[in-house]
Amino acid sequence: MASSNGDKAQAPSALPANDAGNLLHALQRAESELAATKVALERKTHELARALAAQKEIEAELHQQRDWRDADRRKDEFLATLAHELRNPLAPIRQAALISKAPGATDDQKRWSHDVIDRQVQHMSLLLDDLLDISRVTRGTLALRMQSTELATVIDSAVETALPTIDSKRHVLTVDIPSEPIRFTADPLRVAQVLSNLLTNAGKYTDPEGQIRVTARCEGDDVVICVADSGIGISAAALPRVFNMFSQVHSTTDRSEGGLGIGLALAQGLIELHGGTIDANSAGLGCGSEFTVRLPRRNAVERPHNTGNAAAPARANVRRWILIADDNRDSAETLAALLRMEGHEVKAVHDGPVALSAFGELKPDVALLDIGMPGLTGYEVARKMRQSSGGAALTLIAITGWGQDVDKERAHAAGFDHHLTKPVDPQRLVDLLKV
């Protein structure tokens with residue numbers, strides 16, 4: 001029976017077996033290549049991450065090396081400046097000494113030469129004090145003597161210290177502070193030290209007949225003190241570095257005024273120890289500078305004043321037997337000569353063992369001992385003296401170049417009664433010997 005064309009079903013055309021196999025194989029190959037590409041991409045990503053990390057390490061190391069080089073450069077500049085600053089006073093000291101001993105020198109010339117030597121030695125002492133202070137500040141061992149402080153008194157003290165520099169250039173100094181007394185809790189000597197540093201810098205780096213202005217006010221719970229000048233100013237590039245250690249932003253040859261480059265770093269450290277801040281501002285070179293000190297006012301507690309006689313009765317000179325031990329012969333002999341002029345009997349020796357032997361023979365009232373001596377150190381000599389017969393009544397005074405707090409503690413532990421750092425203030429030593 002014949003069927004109609006419309007009843008015939010159209011069968012789907014089948015893909016040849018070979019073509020299907022090829023397509024499957026192509027898909028598998030593409031999948032494999034994709035997986036390999038993924039693995040390669042992940043490997044490249046890890047390699048790139050390692051390369052970036054290595055680059056960051058290299059950049060950090062390069063940055064650290066730049067910092068080290070900069071610190072090393074500033075250290076070398078500081079050492080060169082220190083040598084320069086110490087040589088400067090040595091020149092007039094040597095020349096004044098030659099004048100003093102010249103056969104034809106008049107009495108006036110000798111007195112003048114002695115004044116020169118005294119001033120220059122004082123200058124060197126201040127340089128060394130700054131070095132010791134900045135060391136204590138950076139190590140966190142400087143202790144403040146906090147007490148009720150009157151603002152006007154602190155400013156007066158700072159002005160008095162800086163006035164020779166200011167007057168030498170004929171500057172006009174203006175002090176503008178409130179008329180009513182302002183009291184706050186601080187270490188008055190350290191605050192005055194900071195302000196005198198700022199005023200001295202203003203005097204140095206302002207051309208003759210310039211303007212220097214000190215202003216002070218209370219802002220909330222703070223005392224704010226500003227020192228402004230019409231001087232050479234600070235460039236924008238140098239402004240962020242003015243408080244860096246061993247940094248002198250004004251250290252061009254034609255503007256060199258001396259100093260170690262630690263004054264502002266020391267000022268910042270002292271103010272921060274008080275819980276305050278110090279900031280520098282300048283509109284640029286030739287536009288002057290302004291330094292602003294901000295200190296927390298705190299509650300100023302008044303200490304009771306002594307209502308007795310203002311001056312203690314002067315002690316009469318007491319003749320002492322004194323033993324001096326110092327391996328620096330000039331130091332020992334000149335100190336011995338000064339003390340003999342005060343009426344004391346003095347024996348000077350130059351090493352530890354001889355000092356012990358002389359102590360046993362002379363039984364002195366006072367022993368002045370250097371610390372770094374050959375044979376036995378001052379500490380060892382002091383201990384042996386204390387342990388010997390008559391050592392309990394002996395007054396032991398350390399006279400040394402080591403002046404840190406830890407050195408004073410070691411001296412006290414070794415049996416010393418007093419600790420004086422070189423160069424010793426002769427009047428302070430004379431006063432100690434009167435006790």
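Reader: How many helices and strands does the secondary structure of the protein chain come to?
Author: This is a predicted model, in which local features need pLDDT of at least 70 and side-chain atom pairs count only at pLDDT 80 or more, while totals for chains, interfaces and linings use all residues. Residues are numbered from 1 along each chain as its sequence is written, and side-chain values use heavy atoms, with hydrogens and water left out. Helices (H or I, at least four residues) and strands (E, at least two) are DSSP runs numbered from the N terminus, and by this reckoning the protein chain comes to 10 helices and 12 strands.

Reader: What share of the residues of the protein chain count as buried?
Author: A residue is called buried under 20% relative accessible area, exposed over 50%, and partly exposed in between, with a 1.4 Å probe and protein chains only. Of the 435 residues of the protein chain, the share that counts as buried is 34%.

Reader: Which residues have the most contacts inside the largest nonpolar core?
Author: A nonpolar core is a set of buried Ala, Val, Leu, Ile, Met, Phe, Trp, Tyr and Cys residues joined through side-chain atoms within 4.5 Å. The largest one here has 42 residues, and apart from it lies another core of 21 residues, among them Ala355, Ala382, Ala398 and Ala414. Inside the largest core, those with the most contacts are Leu151, Leu195, Leu198, Leu199, Ile225 and Val293.

Reader: Which residues is Val293 in contact with, leaving aside its neighbours within four places in sequence?
Author: Contact means heavy atoms within 4.5 Å. With those sequence neighbours left aside, the partners of Val293 are Val194, Leu195, Leu198, Val223, Val224, Ile225, Ile271, Thr277 and Ile278.

Reader: Which strands stand at the edges of the open sheet with mixed pairing?
Author: Two strands pair if DSSP finds at least two bridges between them, and 5 strands form this open sheet in the order E2-E4-E5-E7-E6. Two of its strands each have a single partner strand, so one side of each is left without a neighbour in the sheet, and these are E2 (172–176) and E6 (277–281).

Reader: Which residue in E4 stands opposite Leu173, and how is E2 paired with E4?
Author: Strands E2 and E4 (residues 211–219) pair over 5 bridges, in the parallel sense. Across this pairing, the residue opposite Leu173 is Ile212.

Reader: At about what angle does helix H3 run to E2?
Author: Axes are lines fitted to C-alpha atoms, for helices over the stretch in contact, and the angles run from 0 to 180 degrees between N-to-C directions. Helix H3 (residues 151–168) lies across E2, E4 and E5 (222–229), and to E2 the helix runs at about 175 degrees.

Reader: Where is Glu209, a residue with positive phi, found?
Author: Glu209 is not a glycine, yet its phi is positive, about 65 degrees. The residue is exposed, with a relative accessible area of 55%. Its place is the loop between helix H4 (188–204) and E4.

Reader: Which strands are at the edges of the other open sheet, whose pairing is parallel?
Author: In this sheet 5 strands follow the order E9-E8-E10-E11-E12. The edge strands, each pairing on one side only, are E9 and E12.

Reader: Is the crossover from E11 to E12 right-handed or left-handed?
Author: Strands E11 (395–400) and E12 (residues 418–421) run parallel and are joined by 4 bridges, with Leu420 in E12 as the bridge partner of Ile399. The chain crosses from E11 through H9 to E12 as a β-α-β crossover. A crossover is right-handed if, with the strands pointing away from the viewer, the path from the first strand over the helix to the second runs clockwise, and this one is right-handed.

Reader: Why do the buried residues of H8 line one face of the helix?
Author: In H8 (residues 378–387), the buried residues are Gly378, Tyr379, Val381, Ala382 and Met385. The arc is that of the directions from the helix axis to the C-beta atoms. Seen down the axis of H8, these residues line one face because they fall within an arc of 165 degrees.

Reader: What do the buried residues of H8 pack against?
Author: The partners of these residues are both strands and helices. They are E8 (321–325), H7 (352–362), E10 (366–369), E11 and H9 (405–414).
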